[in-house]
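Q: I have a structure open and want to go through it with you. Can we begin with the ligand site?

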Amino acid sequence: QQRMQQQMQQQMQQQIQARMQQHLQQHMQNQNLQGQNMQQPQHMQHQQHQQMQQDQYNQTPQPPEPPRQNQNPLTGAPYTPRFYYLLEKRQRLPAWMARQDFLKLMQSNQVLVLVGEPGCGKTTQLPQILLDAGYHVQMGQVRAICCVQPSPLATLSASLRICEELEVQVGTFVGHVTRFEDRTSGDTLLRFLTDEALFREAMEDPLLERYSVIILDEVHLRTCETDVLMGILKMVMQRRPELKLLLLSSSMDVKKVQAYFEGGAPLLQVPNRTFAVEVFHCQDAEKDYLKAAVRTVAQVHTTEPEGDILLFLPLEDEIDLACQLLRKESVHMMNFGDLQVRALYLGLPIMETQRVFEPAAQMKMMAGKPSRKVVVASAIAETSLAVDGITYVIDAGLVKQRAYNPRTRMEVNVVTPISKASALQRTSLAGRQRPGKCFRLYPERATSDWPEKVYPEIMRSSLTTIVLMLKRLGFDDVVHFDFVDPPSPEALMRALESLNHLGCIDDNGNITEVGNQACRLPVDPQIARMLIEAPAHRCSNEALSIAAMLCSLPVWLRPNDAFRAANEAKARFAHMDGDHLTLLNVFHAYKQQIQDGHDPSRFCAENFISIRAMRHAEIARDHLKRIMESIGLQMISTDFQDKEYYPNIRRCLVSGFFMQIACLESEKRGAYSMLRDGQEVMLHPSTSLGHRPEWIVFHELALSSKLFIKTGTQIKPEWLLDIGPRGYFDSQKISEKSSARSKLEKLTSRRSEG
Ligand code: CDP
Ligand code: MG
């Protein structure tokens with residue numbers, strides 16, 4: 001039976017491929033190109049390219065008519081009613097209506113910047129319009145159209161949505177590539193990639209020759225990766241004059257991006273159709289904005305007419321908590337109609353994300369009133385995933401942001417006030433379909449010292465990964481790389497220094513063998529170094545599991561109503577030597593459940609472990625393992641009975657994270673010092689460490705009321721001297737404020753005596 005199924009699947013695939021081929025040929029004919037030109041010898045391509053360009057100039061674009069036939073040309077299957085339902089909606093989107101102008105400008109320019117309000121159809125419609133216009137055929141070759149998104153969630157969401165709109169299977173005609181997942185095939189013409197994934201493709205194919213058009217989405221966010229990609233693409237376009245670049249933005253603030261390209265990239269603005277939004281401010285700053293937010297939702301629900309609510313909160317935890325509170329509250333508000341609560345933030349499973357786009361289910365007509373949807377969201381709903389049909393926006397005015405301190409070389413997430421531009425953007429979401437209201441949970445006067453707009457991320461990030469990638473791509477002189485906004489020279493120098501300490505570049509700034517290996521591993525260079533060193537410490541399998549867990553989502557669930565039970569569950573896995581080892585315990589326990597034939601979701605639920613995090617870690621681990629093996633790293637482990645089993649793992653942690661060591665200063669206060677700058681940090685209360693060890697290697701810092709160490713493990717100071725790079729722990733390099741200085745000094749002299 002299985003064989004039959006396989007055969008059927010194969011047949012289906014062949015059919016799909018054949019139809020795709022047909023579809024392509026049709027397009028090629030439309031472009032006056034012969035099928036046999038597909039495999040042109042190299043030397044002829046250039047000539048042909050010139051001719052093609054001319055042809056393109058002479059042609060007036062003919063946007064295709066919406067399909068009349070009721071058969072899907074891509075699959076041969078008849079269209080379902082849903083296709084027509086969605087098609088009608090799509091055709092009413094502003095981006096669709098602007099397609100004639102859009103295609104004209106695309107044809108006559110190599111770079112185009114397109115601005116349109118969130119939800120106007122940029123992400124979902126423009127790639128399809130390009131495809132319909134035949135942009136996947138270039139120089140007689142079939143090339144893909146690449147759409148780069150700033151987050152895995154946006155990538156996945158766009159890919160799934162377009163598959164739905166075109167009624168094709170993910171991974172056939174349309175697909176996506178994220179950090180640990182590749183759902184594309186050789187025939188995929190619309191490829192949705194995370195920015196990081198495009199970087200990785202550029203390493204293999206520096207001119208990105210598989211693409212005819214590259215779309216960078218959400219350029220106004222100015223993420224670090226998008227910024228650097230713009231620089232790389234600018235170079236690639238000089239070498240490939242036929243490559244088109246389309247930059248999409250949800251905000252008008254794109255002058256800098258336009259000016260960055262040769263001669264200034266032209267701008268197309270998709271007409272807005274926003275309605276007036278009435279803005280209300282709180283009288284005084286709300287101390288507990290979460291409570292205020294929940295109260296405001298309740299107030300809107302009970303007093304305002306029909307219309308969905310969008311609530312902005314900065315942190316994922318708070319969003320979950322607010323959802324819980326609102327669900328409880330909604331029971332008491334039944335008389336005012338059913339309130340359906342949905343969360344939206346990075347890290348949610350994609351199915352849940354899709355649900356926020358669905359209208360509130362109307363089955364439950366309560367008290368004769370229609371249902372109302374409330375979406376509790378992070379900043380991602382500001383532009384990346386704009387939800388339709390919102391009439392009321394409630395804004396806490398805060399955002400979680402990356403901040404980087406080049407001195408400590410640490411990135412931390414901080415909650416800060418949003419920019420004035422963001423505040424406007426959030427407000428405008430209430431007026432997309434009809435006039436709306438925006439309730440700001442802050443007094444107007446508070447905004448006077450808010451920034452006009454956010455600084456590009458590149459100015460507040462650790463650049464280690466980016467610099468390594470640039471080196472790998474052959475940009476040796478990263479300090480003079482053509483950045484849209486150059487990061488501080490200090491941050492660049494720190495990144496180079498860190499890479500040198502990690503052995504990824506040598507003293508002349510050239511990429512090393514380790515550096516090349518690290519580039520292959522889609523994790524940050526410190527984790528990469530840990531994996532590369534793992535065989536030497538005889539803990540490849542364990543380091544892999546820990547790396548996968550560190551890259552995954554938050555593991556521990558902390559439901560508000562079962563706080564104690566959750567803590568007790570966590571304690572069952574706690575390893576007294578540190579959080580990394582606790583993570584390893586959890587991973588092992590999870591795998592054991594599967595091995596024993598149990599349902600892991602039950603195990604996770606019972607122990608307040610996020611099943612999503614575990615599944616994500618499993619996928620990440622498999623992926624990383626394959627790469628490790630392919631670059632010749634051996635899978636060696638120490639026997640579990642061996643007393644060196646855990647010490648080996650802890651040493652391996654130091655081999656990657658020797659730049660993140662803290663030394664105990666005050667046992668009583670639980671205060672530690674960071675080695676390089678002596679900054680005081682505390683142990684985060686969530687740690688599973690049973691005591692306060694004198695030396696700790698840690699994974700990250702979090703800033704709330706104080707600077708906290710998260711995910712730390714006990715180590716021995718001797719290891720620093722043995723494993724750290726030569727000279728890194730020399731006493732003059734350690735801050736005078738840290739007691740580590742004298743401690744390591746003593747250790748060194750004792751050693752030289754002994
Ligand atoms: O990229 P942009 O913000 O311009 O809009 P889009 O993501 O292309 O979305 C166009 C429309 O499709 C919006 O009105 C969304 O609400 C809708 N959409 C949806 O229903 N489900 C999705 N997964 C994505 C978009
Ligand atoms: Mg978009």
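Q: Which helix gives the largest share of the shell around ligand 1?
A: Helix 6 does, with four residues. Keep in mind that this is a predicted model.

Q: What are the elements that give two or more residues to that shell?
A: They are helix 6, residues 122-132, and helix 7, residues 152-166.

Q: And which residues come nearest to ligand 1?
A: There are 16 residues around ligand 1, and K122, T123, T124, R161 and D388 come nearest.

Q: How do the residues of the shell divide into nonpolar, polar and charged?
A: Eight are polar, five are nonpolar and three are charged.

Q: Moving on to the core. Which residues touch the most other members of the largest nonpolar core?
A: I145, I214, L311, L531 and A547. That core holds 198 residues. In soluble globular proteins, nonpolar side chains tend to be buried together.

Q: Take I145. What is I145 in contact with, leaving aside neighbours within four places in sequence?
A: The contacts of I145 are P127, L130, L131, Y135, H136, L189, L190, Y211, S212 and V213.

Q: Now the barrel. In what order do the five strands close?
A: The order is 19-20-21-23-22, and the pairing is mixed. From one strand to the next, the twist averages 55°.

Q: Strand 22 and strand 23: parallel or antiparallel?
A: Antiparallel, over seven bridges. Strand 22 covers residues 695-703 and strand 23 covers residues 707-714.

Q: What stands opposite I696 in strand 23?
A: Q714 does.

Q: Different topic: backbone angles. What is the phi of R222?
A: The phi of R222 is positive, about 50°, although R222 is not a glycine. Most residues other than glycine have a negative phi.

Q: Where is R222 found?
A: R222 is in the loop between strand 8 (211-216) and helix 9 (224-239).

Q: Why does R222 count as buried?
A: Because R222 has 24 C-beta neighbours inside 10 Å, and the cut-off for buried is 20 or more.

Q: And F608, what is the phi there?
A: About 55°, also positive, and F608 is not a glycine. F608 is in the loop between helix 22 (600-607) and helix 23 (611-630).

Q: Why is F608 partly exposed?
A: Because F608 has 19 other C-beta atoms within 10 Å. Buried needs 20 or more and exposed 12 or fewer, so a count of 19 is in between.

Key
Residues numbered from 1 in each chain as written. Chains lettered and ligands numbered in written order. Predicted model: local features only at pLDDT ≥ 70, side-chain atom pairs only at ≥ 80, totals over all residues. Near = placed C-beta within 6 Å. Nonpolar A, V, L, I, M, F, W, Y, C, P; charged D, E, K, R; others polar. Core = buried A, V, L, I, M, F, W, Y, C linked by C-beta atoms within 7 Å. Contact = placed C-beta atoms within 7 Å. Pairing = 2+ DSSP bridges. Axes fitted to C-alpha atoms, helices over the stretch in contact; angles between N-to-C directions.
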